[in-house]
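Please examine the structure shown here, which is to be explained step by step. The account begins with a sheet and then turns to the backbone.

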Amino acid sequence: MGSKTPLYDKHVETGARIVDFGGWDMPLHYGSQKEEHHAVRNNAGVFDVSHMTIVDLKGERVREFLQYLVANNVARLQDAGKALYTAMLNEAGGVIDDLIIYFMTETWFRLVVNAATREKDLAWIRQQAEPFAVAVSERAELAMIAVQGPAARELAAPCIDADHREAALALKPFFGMEAGDMFVARTGYTGEDGWEIVMPAAQAPAIWDRLLAAGVTPCGLGARDTLRLEAAMNLYGSDMDETVSPLEAGLGWTVAWEPADRDFIGREPLEAKRADPNRMRFVGLLLEDKGVLRNHQRVVVEDIGEGEITSGGFSPTLDRSIALARVPAGDYDRAQVDVRGRLLNVRIVKTPFVRNGEVRIEL
Amino acid sequence: MSELPGDLLYTKEHEWLRREDDGSVSIGITDHAQSALGDLVYVELPEVGQDVEEGGDMAVVESVKAASDVYSPVTGTVTEVNETLADTPETINSDPYGDGWIVKVQPSGDIDEGALLTPDDYQALIDEEEA
């Protein structure tokens, strides 16, 4: 038996197929993963993401600490509520985790890190925080849901305290705010508009019921994975881990090189990787033959070398198979993938595959 | 859980088998199997004329979630494949024992019924898995 979120009973009641995910009993789907996927692209879906770890950092030197802890630069966070996506690196420049940082106040930043990496993340953050006298507290008493899709904010707005509703609806993308005892942010992991809402655990079941009654589709981890894959958003443990540089995992855009004198953990090996002309590319693949691409399948680039699919699957929006892959350096736009002994043709495409309900690649 | 068709035989790997009047057998995957796999999106079929062996892999069904081998419950030759699955693999989800059949095989000898499960035995197997 794994850990259960405050919404576990709701999932069972809603007919979920429950699976283990990083030690948590989570809903995989509530009947049809494809229908849940389409609901998010076309209307609105709600995900229980309470298994994710919320960590509050407090102290006078918290900003300075974060400038050392992560590869992106929290100097970019100047407006209250602004969020920043970043990788947290080890000394070798490998990815310990990817996370979102919210700028709450000058002495309080909130992190949301992955569930499966919870313990090592907390240990690492606490260890690094000590010299900065930053207090690290996990907020396990909070639940979190993600309401995603073009109609998500409108359908979820009645769940927000009336005094804060208008302000919540006015949030710009990648901003969050406190709304009574909730925290609402216009962020997500689907490539659609929507909110992530943090709330006291006891409130979560009633909010869940209310969203479902409003016509929001309950969605499981299955749809979450196909949605994030179409949006080309990385999954920790699949697309990157401690042995992989963010530059070879499509996360180069999250590394802040300037100012050049900012010392962050992993910077030196990362600079070396940056200068390496043979570093691997991280690309999107579209399968041109019939079949389904899967994680760990071998990518073959004729005359150049081999790579690997890090996330592969079926795209319900495209009705085709797509993947993210780490492939050799070089200028090419076609490759083959070894699918159970057969070499199938793939085209390298610019990601995302889908964003805001629109197909963004040529089929 | 719906009632299992009583006129079929089953395998521990969740295939079903129906004896046809012409001596061939139709093969598919069970309702329990399609439900566990979730939405099917691709079926890799064998060639007509291909020889298959009892317990050997013969087709692959892929759902949004995962790929799964389909094993032949008999030794013989493939006489027909369900081509409609190429465009509508979800037929296996909606009608696993009917339109969602996967292949027909002409057995090369007697069918080893001792290795197959009766509806009651198969029901017991899935009850155990779900317990």
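Which residue in β2(B) is the bridge partner of B:Leu9? The model, which is predicted, places B:Leu17 in that role. The pairing concerned is that of β1(B) with strand β2 of chain B, residues 15–19; these strands run antiparallel and are joined by two bridges.

Both strands belong to an open sheet of six strands in chain B, with antiparallel pairing and the order β1-β2-β3-β9-β8-β5. At its edges stand β1 (9–10) and β5 (51–52) of chain B; each has a single partner strand, so one side of each is left without a neighbour in the sheet.

The backbone of chain A merits separate attention. Most peptide bonds are trans, and most residues other than glycine have a negative phi. A cis peptide bond, however, links A:Glu258 to A:Pro259, with omega about -5°. A:Pro259 lies in the loop between α8 (221–230) and α9 (267–274) of chain A. Another cis peptide bond joins A:Thr351 and A:Pro352, where omega is about 5°; A:Pro352 belongs to the loop between β19 (342–349) and β20 (354–355) of chain A.

Positive phi values also occur. A:Asp303, although not a glycine, has a phi of about 65°, and its place is the loop between β15 (298–301) and β16 (305–315) of chain A. A:Asp303 counts as exposed because it has 6 C-beta neighbours inside 10 Å. A:Asn356, likewise a residue other than glycine, has a positive phi near 45° and is found in the loop between β20 and β21 (358–359) of chain A. With 13 C-beta neighbours inside 10 Å, A:Asn356 counts as partly exposed.

Conventions
Residues are numbered from 1 along each chain as its sequence is written. Chains are lettered from A and ligands numbered from 1 in the order in which they are written. This is a predicted model: local features need pLDDT of at least 70, side-chain atom pairs count only at pLDDT 80 or more; totals for chains, interfaces and linings use all residues. Two strands pair if DSSP finds at least two bridges between them. Helices (H or I, at least four residues) and strands (E, at least two) are DSSP runs, numbered from the N terminus. A residue is buried if 20 or more other C-beta atoms lie within 10 Å of its own, exposed if 12 or fewer, and partly exposed in between; C-beta atoms are placed from the backbone.
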